[in-house]
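Visitor: Could you pick one part of this protein and take me through it slowly? I would like to know which residues make it up and what the surroundings look like.

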Amino acid sequence: MDTNSKLSNNTAVILVSHGSTLPYAEEVFVEIKEKFIKKTGLATEIGYMKVSEPTIAGAVEILKDEVDDLDKIIALPVFLAPGIHTNIDIPQLLGLEPLEEDPRCPDGNYPPEHYLSIADDVDFDGEIELLSSIGPRDELLDIIDKRINEALAESKLDDNAKTGILLVTHGSRLNYNKEFATALYDKFEKTCDLPSGFGFMELCGPSIPESINKLVDENGLERLVVVPIFIAPGMHTTHDIPHILGFLDDHEHEHSHSHSHGHGHDHSHDLTPVEFDGEILYPEPIKADDILIDILVDMTNEKL
């Protein structure tokens, strides 16, 4: 176990996640938690915003039972970019003030069925310090490079095939996600010798089809590596983006959504498939990569 002389026996960590109706995300976050504990020795629990268990309030209770005289909790959102969840939802779920006004509900009076209305209150008398999201750190480029190399190792085309790289992420009603994607891509573009671009799944542009069409038209590509800039697999990475890429037909996509979205998330977005006759390689998202764990450890150590 790696140790750090600054670690406090009275401090614990909540790794905050969104939650998913699919099992993959929980499996990934359990692995992230186990690796994080091994690296830090800190009492650590996952706290899900919704859908999955334990909730954020439930994670606090687990840590209170685990740590005698617990007086500080570091809440670390395992989110790549800031947005409504990190700036509004998570602070409120922790019993803190939101960082900005909620564009979904400016008056702060959420409908009775909204997850912020039905969530249990956090019961903790100590300090809760909420950290920022991960942001466009240079270390993420190393993970992206790993995923590209993993994908190319599976290619059926030879090394001389004209290849492009597309980084894809979700998109947000707020501008933060686009700022994150733009900043990360600007760094990536400086290190990549291949034609490249980035696209958003929904809520802002350029869309994935727009970005693919531009890359293909301008570079005559035969092969495209589409790298999902997401932490864990979920509905977006296993269904929405594959549908856009043409891996799933409309029936498969609609069937998957009808069985997997009972938590009220709006999926009225246009997921028009792209038209590309070349090879599309689609590696896994970041998952519990050791580089991600090191990022989370560094972020935590800065606050100890």
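Guide: Happy to, and one convention comes first: Ala, Val, Leu, Ile, Met, Phe, Trp, Tyr, Cys and Pro count as nonpolar, Asp, Glu, Lys and Arg as charged, and the others, Gly among them, as polar. Please also keep in mind that this is a predicted model.

The part I have chosen is the second largest pocket, which holds about 170 Å³ of space. Its lining is made of Tyr185, Pro195, Ser196, Gly197, Phe198, Pro206, Ser211, Lys214, Leu215, Glu218 and Asn219. Sorted by the convention above, these residues are five nonpolar, four polar and two charged. Strand 6 and helix 7 (208-219) each bring at least two residues to the lining. Of the contributors, helix 7 gives the most, with five residues.

The chain between those two elements deserves a pause. Pro206, one of the lining residues, sits in the loop that joins strand 6 to helix 7. The peptide bond leading into this proline from glycine 205 is cis, with omega near 10°. Leucine 203 belongs to that loop too, and this residue has a positive phi of about 75° although it is not a glycine. Both features stand out against the general rule: most residues other than glycine have a negative phi, and most peptide bonds are trans.

Now step back to the sheet that strand 6 belongs to. Four strands form an open sheet in the order 6-5-7-8, and their pairing is parallel. Strand 6 (196-200) and strand 8 (279-281) are the edges, each pairing on one side only. From one strand to the next, the twist averages 25°. Helix 6 (residues 176-191) packs on this sheet, where it touches strand 5 (163-169) and strand 6, and its direction makes about 165° with that of strand 6. At the other edge, strand 7 (residues 223-228) and strand 8 are joined in the parallel sense over three bridges. Within that pairing, leucine 224 has isoleucine 280 of strand 8 as its bridge partner.

With the sheet in view, we can look at the enclosed spaces. There are two cavities of 30 Å³ or more. The second largest of them has a volume of about 40 Å³. Leu167, Val168, Thr169, Phe180, Ala181, Leu184, Phe198 and Ile229 form its lining. Strand 5 and helix 6 each supply at least two of these residues. Phe198 therefore links our topics, being on the lining list of this cavity and on that of the pocket. The mix of residues around the cavity is seven nonpolar, one polar and no charged.

The largest cavity comes to about 60 Å³. It is lined by Leu140, Ile143, Ile144, Arg147, Leu184, Val227, Pro228, Ile229, Glu284, Pro285 and Ile286. Leu184 and Ile229 appear in the linings of both cavities. Here helix 5 (139-152) and strand 7 each give at least two residues, and the largest share, four residues, comes from helix 5. Nine of the lining residues are nonpolar, none is polar and two are charged.

To place all this in the chain, it helps to glance at another sheet. Four strands in the order 2-1-3-4 make up an open sheet with parallel pairing. Strand 2 and strand 4 (127-130) each have a single partner strand, so one side of each is left without a neighbour in that sheet. Its neighbouring strands are turned by 25° against each other on average, direction ignored. Helix 3 (residues 84-93) lies across strand 1, strand 3 (72-77) and strand 4, at about 165° to strand 4. A cis peptide bond turns up in this region too, from glutamate 53 to proline 54, with omega near 0°. Proline 54 is in the loop between strand 2 and helix 2 (56-66).

Back at the pocket, then, the pieces to look for on your screen are strand 6 and helix 7, with cis-bonded proline 206 in the loop between them.

Conventions:
Residues are numbered from 1 along each chain as its sequence is written. This is a predicted model: local features need pLDDT of at least 70, side-chain atom pairs count only at pLDDT 80 or more; totals for chains, interfaces and linings use all residues. Side-chain values use heavy atoms; hydrogens and water are left out. Two strands pair if DSSP finds at least two bridges between them. Axes are lines fitted to C-alpha atoms, for helices over the stretch in contact, and angles run from 0 to 180 degrees between N-to-C directions. Contact means heavy atoms within 4.5 Å. On a 1 Å grid over the protein atoms alone, a cavity is a set of points where a 1.4 Å probe fits but cannot get out, and a pocket is an open set with protein on both sides within 12 Å along at least five of seven lines; lining residues have an atom within 4 Å of a point. Grid points are joined across faces, edges and corners, and a volume is the space filled by probe spheres set on the points.
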